[in-house]
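Let's take a walk through a protein model, one helix at a time. Keep the picture open and find each piece as you read.

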Amino acid sequence: MAKPLNVQEMYEKAPKRYVPIGLSILIIGGMSLWSLSVIRVPAINENGLAVIRSILRSLVNPNYDWLFTLRPIGIPYQMYETVAIAFLGTLLGAILAVPMAFLSARNITGKFYSFVGIVLVTMIRTFPVFILGLMFIRVTGPGPFAGVMTIGVASIGMMTKLYIESIEDIDKGVLEALDATGANLLQKIRYGILPQLSANFISNSIYRFEINVRNATILGLVGAGGIGFTLISAMNAYRWRDAAAALWGIVVVVLIIEFISTRIRKKITIGE
C-alpha cells in the first residue's frame, strides 16, 4: 500500500502556476494604472468640509417630526410607498421572468432558442435602472406607477438569469422519465420541473426584492415615487435634518427587510 503523502510532499508535488499567477498580477496592475488615468482627485475645500460636518451633526439630531409623523409627508409613509413600489415591481418581474427563463434554458428548448432568449435577457440587463426610470416617466408621467414598471422591467434580466441557472441544474432523470411516458413540453414543466424549482424561484425573488428596495429609493430621485424625491429635495435645499430623517428611514427599513428576508430564504432553501 502506498504511503500517504504529508503536507510538505503534497505541496512540493502540486503543479506550479507561477506564470499564470504572474500574468494575472501584471494584467490587474496594468488595468488598475490605466483606470487611474481617468481619475482626477479634486481638492477638498472648506465648504465641502462644512457640508460633511452638517450631515454628521444632522444624523445625530434628525428632524423627528418627519421621522415619526404618519402623514403623507412623513418618513414612515414615504418608506411604505417605497417598499410597496419595490414589492409590486419584484412581483411583476418575477412573473415575467418565468416564461423567459424556460424559453431560454438550453435543456428545455434547445441551443437556438436558448441563444435568442439569452441575447434578449442580456439586452434588458444593459439598461441601468436609472435610465429605465427616466424612460417610463416620459411614458407614464412621474409617480409610483412609473417606479413599479421600472423595477419590474429591471428585475426581469437578473431574475431570468438566475432562473435559467436553476432550470439547467435540475435532475435530468425526471425529464427523461417524463419523455418515456410521452409527456409534452407543458407537462414536463408542470410535473418534472416546477416541483424542483419552486424553492429556488422564491428564494431568488426574495433576494431581488431586497435589491429593489434600494433601487426604489434611487428612483425617487427622478420622480418615480418613494422616499428618494424627499431625500434629494431636502439635500438640494440644504435641509440637512430633513435629509438625515430620510436616511434613517431608509437604513432602518432596509435592515429590517434584509433580516427578515434572509431568515425566510434560509428556511426555504435549507430548512433552518
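What follows is a look at how some helices pack, and then at a few single residues. Keep in mind that this is a predicted model.

**Helices that pack together**

Start with helix α9, which covers residues 144-168, and helix α11, which covers residues 185-219. Their axes sit 9 Å apart, at an angle of about 150 degrees. Because of that angle, α9 counts as roughly antiparallel to α11. The crossing of α9 past α11 is right-handed. On the α9 side, the contact is made by Gly147, Thr150, Ile151, Ala154, Ser155, Met158, Met159, Leu162, Tyr163, Ser166 and Ile167. On the α11 side, the residues taking part include Leu197, Phe201, Ser205, Arg208, Asn212 and Ala216. Sort the contact by class and you get 13 nonpolar, nine polar and one charged residues.

Helix α9 also packs against helix α8, residues 129-140. Here the angle is about 135 degrees and the axes are 9 Å apart. That angle makes α8 oblique to α9. Once again you'll see a right-handed crossing as α8 passes α9. Which residues meet here? From α8 come Val129, Leu132, Gly133, Phe136, Ile137 and Thr140, and from α9 come Phe145, Ala146, Met149, Thr150, Val153 and Ala154. This contact has nine nonpolar, three polar and no charged residues.

Now go back to α11 and look for helix α5, residues 75-104. The axes of α5 and α11 come within 8 Å and cross at roughly 145 degrees. This crossing is right-handed. In α5, the residues that meet α11 are Thr82, Val83, Ile85, Ala86, Phe87, Thr90, Ala94, Val98 and Phe102. Their partners in α11 include Ile189, Ile193, Leu194, Phe209, Val213 and Thr217. By class, the contact divides into 15 nonpolar, five polar and one charged.

Here are the three pairs side by side:

| Helix pair | Angle | Axis distance |
|---|---|---|
| α9 and α11 | about 150 degrees | 9 Å apart |
| α8 and α9 | about 135 degrees | 9 Å apart |
| α5 and α11 | roughly 145 degrees | within 8 Å |

**A helix with two faces**

Next, find helix α12, residues 227-236, which is home to Thr230. Is Thr230 buried or exposed? With a relative accessibility of 11%, Thr230 counts as buried. If you skip its neighbours within four places in sequence, Thr230 is in contact with Trp66 and Gln78.

Thr230 isn't alone: the buried residues of α12 are Ile227, Gly228, Thr230, Leu231 and Ala234. Look down the axis of α12 and those buried residues fall within an arc of 160 degrees, so they line one face of the helix. What does the face turned away from the buried side carry? There you'll find the exposed residues Phe229 and Asn236.

**On either side of α12**

Gly223 lies in the loop between α11 and α12. Leaving out residues up to four places away in sequence, Gly223 touches Ile137, Pro142 and Gly143. Try locating Val51 too: Gly223 and Val51 are 172 residues apart in sequence, and their C-alpha atoms are 25 Å apart in space.

After α12 comes Tyr238, in the loop between α12 and α13 (240-269). Most residues other than glycine have a negative phi. Tyr238 has a positive phi of about 60 degrees, although it is not a glycine. Tyr238 counts as exposed because its relative accessibility is 59%.

**Two more residues to find**

Leu33 sits in helix α2, residues 18-36. At 64% relative accessibility, Leu33 counts as exposed. From Leu33 to Leu219 is 186 residues in sequence, and 34 Å in space from C-alpha to C-alpha.

Gly117 belongs to helix α7, residues 111-125. Its relative accessibility is 12%, so Gly117 counts as buried. Gly117 and Ala105 are 12 residues apart along the chain, and their C-alpha atoms are separated by 8.2 Å.

How values were computed
Residues numbered from 1 in each chain as written. Predicted model: local features only at pLDDT ≥ 70, side-chain atom pairs only at ≥ 80, totals over all residues. Heavy atoms only, no water. Axes fitted to C-alpha atoms, helices over the stretch in contact; angles between N-to-C directions. Helix = DSSP H or I, 4+ residues; strand = E, 2+ residues; numbered from the N terminus. Parallel < 35°, antiparallel > 145°, perpendicular 65-115°, else oblique. Left-handed = near helix turned anticlockwise from the far one by under 90°. Contact = heavy atoms within 4.5 Å. Nonpolar A, V, L, I, M, F, W, Y, C, P; charged D, E, K, R; others polar. Buried < 20%, exposed > 50% of the residue type's maximum accessible area, 1.4 Å probe, protein only. Arc of directions from axis to C-beta.
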